[in-house]
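Here is a short report on a ligand site and a metal site. Keep the sequence and the 3D view open while reading.

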Amino acid sequence: MILSPLLPLLLDGLGSPVPVPHFTDAEVPELGSGGLVLRDGALGHPLATLLRARLEQLDSRGALVPAGLGHDGRLIPALRSDRVATLEELGPDPVLEAVWAWFDRLRQALIEATWVGLPRFSVQLACYPGGGARYARHVDALPGDRNRLFTAIVYLNPDWRPEHGGRLRAWVRGQPMEVDPLWDRLVIFRSEAVPHEVLPAWVPRYSAAAWMRGAEAIPALADPDVVRRRVAGQEEG
Ligand code: OGA
Ligand code: MN
């Protein structure tokens with residue numbers, strides 16, 4: 001995303017500084033061993049407020065579209081019924097650029113804390129519109145997939161109550177736990193290590209998620225068939 005010249009003005013205009021993401025010594029092994037790290041007050045109230053307003057606006061003008069499943073993006077509303085857009089698709093917007101910049105700082109904090117190389121990331125906005133909208137149990141990456149190494153989600157629901165539903169249920173080292181999708185709350189976990197689901201949401205539920213990615217895989221290793229063909233070719237030759 002190309003940052004617009006408005007970004008510094010916007011960040012200054014927020015009045016209070018945007019929190020700088022960081023990880024404690026205890027959180028790093030927790031992430032590494034398939035745990036989940038949770039932080040309230042992630043974006044800070046001013047930026048979270050702007051983002052929530054932007055998300056509602058974008059959704060009301062149809063910029064968020066039904067999310068698909070798997071590599072072919074099949075739509076199966078019984079399994080997944082949120083509406084999404086990636087920041088890359090949405091084009092220049094100072095609020096979204098500030099959010100992008102914050103996730104970029106989170107990426108840098110993760111690199112410093114874990115020493116994992118994370119050269120790329122993407123950010124997706126999501127709305128579960130209520131009426132039981134959910135996302136069935138899944139993992140964000142298959143083992144060894146470097147396309148998504150860490151998942152970071154910030155929830156943007158100021159008045160959340162238990163009867164609103166939409167909790168995140170995550171299996172941490174095999175044990176189920178639930179996270180309330182509270183205002184400006186960040187959860188972060190290793191994408192391949194933590195199966196999770198979004199329980200049915202009964203009122204609109206808003207969030208922004210980033211996937212921190214490793215360097216590109218070597219194509220020949222990414223596709224077992226290619227490897228097999230190569231090995232066979234060498235044997236023939
Ligand atoms: C996802 C996802 C969980 C949440 O978008 O892959 O699992 O709590 N989101 O929003
Ligand atoms: Mn997920």
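Which residues surround ligand 1? In this predicted model, the shell consists of Tyr135, His138, Asp140, Ile153, Tyr155, Leu168, His196, Val198, Arg205 and Trp211. By class, six of these residues are nonpolar, two are polar and two are charged.

Four strands each supply at least two residues of this shell: E5 (133-138), E6 (150-155), E10 (196-201) and E11 (205-213). Ligand 1 occupies the largest pocket.

**Polar contacts of ligand 1**

Three side chains place an N or O atom by an oxygen atom of the ligand.

| Side chain | Distance to an oxygen atom of ligand 1 |
|---|---|
| Tyr155 | 2.6 Å |
| His196 | 2.9 Å |
| Asp140 | 3.2 Å |

How much of ligand 1 does the protein bury? Taken alone, the ligand exposes 290 Å², and the protein buries 96% of that.

**The manganese site**

Ligand 2 is a manganese ion. Its donors are His138 through NE2, Asp140 through OD and His196 through NE2, at 2.1 Å. Along the sequence, these donor residues follow the spacing H-x1-D-x55-H. Asp140 sits in the loop between E5 and E6, while His196 belongs to strand E10, so this pair ties together parts that are 56 residues apart in sequence.

The two sites share residues. His138, Asp140 and His196 coordinate the manganese ion, and these three residues also belong to the shell around ligand 1. Asp140 has a side-chain N or O atom 3.2 Å from an oxygen atom of ligand 1. For His196, a polar side-chain atom lies 2.9 Å from an oxygen atom of that ligand.

Conventions:
Residues numbered from 1 in each chain as written. Chains lettered and ligands numbered in written order. Predicted model: local features only at pLDDT ≥ 70, side-chain atom pairs only at ≥ 80, totals over all residues. Heavy atoms only, no water. Near = heavy atom within 4 Å. Polar contact = N/O pair within 3.5 Å; in protein donor to acceptor, adjacent residues only side chain to side chain. Areas by Shrake-Rupley, 256 points an atom, 1.4 Å probe, with all protein chains shown as cover. 1 Å grid on protein atoms, 1.4 Å probe; cavity = no way out; pocket = protein on both sides within 12 Å on 5 of 7 lines; lining within 4 Å. Sits in = over half its atoms within 2 Å of the grid points. Nonpolar A, V, L, I, M, F, W, Y, C, P; charged D, E, K, R; others polar. Donors = N, O, S within 2.8 Å, 3.2 Å for Na, K, Ca; no water.
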